[in-house]
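Me: Please walk me through the fold of this model, with short questions and short replies.

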Amino acid sequence: LRQDYGGGAAGGGCCKVVFRNLLFETPQKFMEGIFAEHGEIRDFFLLREPDGRSKGCGVCEYTDPASAERAVRSLNGALVDDRKMTVELEE
């Protein structure tokens with residue numbers, strides 16, 4: 001795990017996690033609720049095609065690095081709609 005010192009809203013560490021391998025039909029609010037169990041969310045979005053369809057991946061930004069790390073430990077490999085989700089700290 002790479003640690004940054006200096007800069008950033010939380011004074012170091014990564015606050016963003018990237019998640020992948022969702023069904024295109026999985027609702028954003030449902031996923032946001034899952035990530036909110038691990039800390040206060042600053043920003044959350046699913047990546048979308050130009051026509052509005054989900055790409056099955058997204059980004060969750062927490063207010064502090066500890067929440068991001070908790071989410072990765074808890075959610076990486078978790079099953080969502082019978083698919084194994086990948087969750088990683090954004091680099």
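**Sheet and helices**

Reply: β1 and β3 pair in the antiparallel sense over 4 bridges. Strands pair if DSSP finds at least two bridges between them; helices (H or I, at least four residues) and strands (E, at least two) are DSSP runs, numbered from the N terminus. The model is predicted: local features need pLDDT of at least 70, side-chain atom pairs count only at pLDDT 80 or more, and totals for chains, interfaces and linings use all residues. Residues are numbered from 1 along each chain as its sequence is written, and side-chain values use heavy atoms, with hydrogens and water left out.

Me: In what order do the 4 strands of the open sheet run?

Reply: The pairing is antiparallel. β2 (41–48) and β6 stand at the edges, each with a single partner strand, so one side of each is left without a neighbour in the sheet. The order is β2-β3-β1-β6.

Me: What angle does the direction of α1 make with that of β2?

Reply: α1 packs on the sheet and touches β1, β2, β3 and β6; contact means heavy atoms within 4.5 Å. Axes are lines fitted to C-alpha atoms, for helices over the stretch in contact, and angles run from 0 to 180 degrees between N-to-C directions. The angle with β2 is about 145 degrees.

Me: Why do the buried residues of α2 line one face of the helix?

Reply: In α2 (residues 65–75), Pro65, Ser67, Ala68, Ala71, Val72 and Leu75 are buried, that is, under 20% relative accessible area (exposed is over 50%, partly exposed in between; 1.4 Å probe, protein chains only). The arc is taken from the directions from the helix axis to the C-beta atoms. Seen down the axis of α2, the buried residues line one face because they fall within an arc of 165 degrees.

Me: Which elements are included in what covers the buried residues of α2?

Reply: α2 lies across β1, β3 and β6, running at about 155 degrees to β6. The cover includes β1 (16–20), α1 (28–36), β3 (54–62) and β6 (86–89).

Me: Which residue takes a positive phi just after α2?

Reply: The phi is about 90 degrees. The residue is Gly77.

Me: How far from Cys15 is the nearest cysteine sulfur?

Reply: A search of the whole structure finds 0 disulfides, a disulfide being a pair of cysteine sulfur atoms within 2.5 Å. Cys15 is in no disulfide, and the nearest sulfur, that of Cys14, is away by 6.7 Å.

Me: Is Cys60 buried or exposed?

Reply: The relative accessibility of Cys60 is 0%. Cys60 therefore counts as buried.
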